[in-house]
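User: I'm new to this structure and would like a close look at one part of it. Could you start with a loop and work outwards from there?

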Amino acid sequence: MALALALGASAATLAAPPDAAAPRLFIHAGEVPLYKVFAWERWGNFINAPAGSSTEIPYDAARLEVKVYPFPSGEIRAIRFPNGVRTHRHINQTDTILYSWQAHRVQFVDDKAVLAEPGDFALHQKGVLHSGEEIRRGGGIDLEFALPFAGVHNDPGGFWSLARDHPVETSAAGYLVRAAVLPDYAAREVRLARGTAVTLQDATRDRLIFVLSGKVAVTIGKASDTLASEDAASVPHGVRAGIEATEDAMWVEVLAPPVTAKH
């Protein structure tokens with residue numbers, strides 16, 4: 001189950017798109033079921049269970065709300081945390097890029113604690129044990145990009161790239177980009193002023209896009225749609241995408257090797 005992979009120690013595989021023969025390019029937030037998951041800690045173990053399960057839910061369990069956006073090249077998970085919750089990502093079955101959208105959190109990797117604030121990226125590598133995290137202020141939504149890349153990095157220290165440590169880059173097209181540096185991936189936070197349009201294309205990487213605010217008109221190949229906050233899109237490698245902001249907009253995107261890529 002995808003939620004177990006996102007929040008706990010259970011093994012899982014990525015959910016398949018609704019129609020594998022015609023993979024979706026656009027997913028709107030209103031089309032995505034909202035899952036409710038309870039998370040708690042007992043005797044050093046982190047446990048989670050979906051709402052409505054037969055598992056006995058303790059009184060102090062935290063309620064999480066999760067939306068899962070499945071695409072051929074990976075899942076995007078929008079996870080809403082209440083303030084003060086503790087969660088645990090155990091041994092991931094995929095490489096997972098985390099993006100702090102609204103939450104301020106402390107991430108623990110072995111005996112090290114790293115403060116992650118809105119705008120920060122981190123990579124939880126496939127097969128690596130991470131000890132947990134605490135949401136310290138305000139709660140809010142975090143994003144996970146779960147990417148079924150064939151490689152195994154096997155770095156027990158984890159890999160971090162905090163976006164606030166990287167400068168904002170202004171392109172000739174007039175859009176602002178803050179990039180993170182992650183092995184095998186590119187992760188970017190993008191701001192686009194109303195009326196500005198850009199063209200994006202990558203020959204070897206698939207692009208996953210999640211809109212944080214505003215509205216954008218997106219054309220991917222011959223398909224077009226309008227996306228607003230908490231909508232998502234997937235751009236296959238080699239396909240050109242055009243994005244025009246109909247309102248001041250902000251999105252986060254991850255470029256990843258296609259699922260057929262070998263490491």
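Analyst: First, a bit of vocabulary: helices (H or I, at least four residues) and strands (E, at least two) are DSSP runs, numbered from the N terminus. This is a predicted model, so local features need pLDDT of at least 70 and side-chain atom pairs count only at pLDDT 80 or more, while totals for chains, interfaces and linings use all residues. Residues are numbered from 1 along each chain as its sequence is written, and side-chain values use heavy atoms, with hydrogens and water left out.

Let's begin with serine 73, which sits in the loop between β4 (62–71) and β5 (74–81). With a relative accessible area of 2%, serine 73 is buried (buried means under 20%, exposed over 50%, partly exposed in between, using a 1.4 Å probe and protein chains only). Setting aside residues up to four places away in sequence, serine 73 touches Leu147, Pro148, Asp206, Leu208, Ser234 and Val259, where a contact means heavy atoms within 4.5 Å.

Now for the nonpolar residues. A nonpolar core is a set of buried Ala, Val, Leu, Ile, Met, Phe, Trp, Tyr and Cys residues joined through side-chain atoms within 4.5 Å. The largest one has 28 residues, and Tyr69, Ile97, Leu143, Phe145 and Phe210 touch the most other members. Take isoleucine 97: leaving out neighbours within four places in sequence, its contacts include Phe121, Leu143, Phe145 and Val254. There is also a second, separate core of 20 residues, with Val190, Ile220, Val235 and Ala249 among them.

Next, the rings. Rings of Phe, Tyr and Trp (its six-membered ring) pair if their centres lie within 6.5 Å; planes under 30 degrees apart count as stacked, over 60 as edge-to-face and the rest as tilted. The whole structure holds three aromatic pairs. In one of them, tyrosine 99 and phenylalanine 121 are 4.8 Å apart centre to centre with 45 degrees between the planes, a tilted pair. That pair links distant parts of the chain, 22 residues apart, with tyrosine 99 in strand β7 (residues 95–100) and phenylalanine 121 in strand β10 (residues 121–124). Both tyrosine 99 and phenylalanine 121 are buried.

Tryptophan 101 and phenylalanine 210 have ring centres 5.9 Å apart and planes at 75 degrees, so this pair is edge-to-face. Here the partners are 109 residues apart: tryptophan 101 is in the loop between β7 and β8 (104–109), and phenylalanine 210 is in strand β18 (residues 206–213). Tryptophan 101 and phenylalanine 210 are both buried too, and together with Tyr69 they make one aromatic cluster.

Finally, a sheet. Two strands pair if DSSP finds at least two bridges between them. Four strands form an open sheet in the order β17-β22-β19-β20, with antiparallel pairing. β17 (197–200) and β20 are the edge strands, each with a single partner, so one side of each has no neighbour in the sheet. Four bridges join β17 to β22 (residues 241–245), with valine 198 opposite isoleucine 243 and threonine 199 opposite glycine 242. On the β19 (residues 216–220) side, five bridges reach β22, and alanine 217 faces glutamate 244. The covered face of β22 carries Ala241, Ile243 and Ala245, the uncovered one Gly242 and Glu244.
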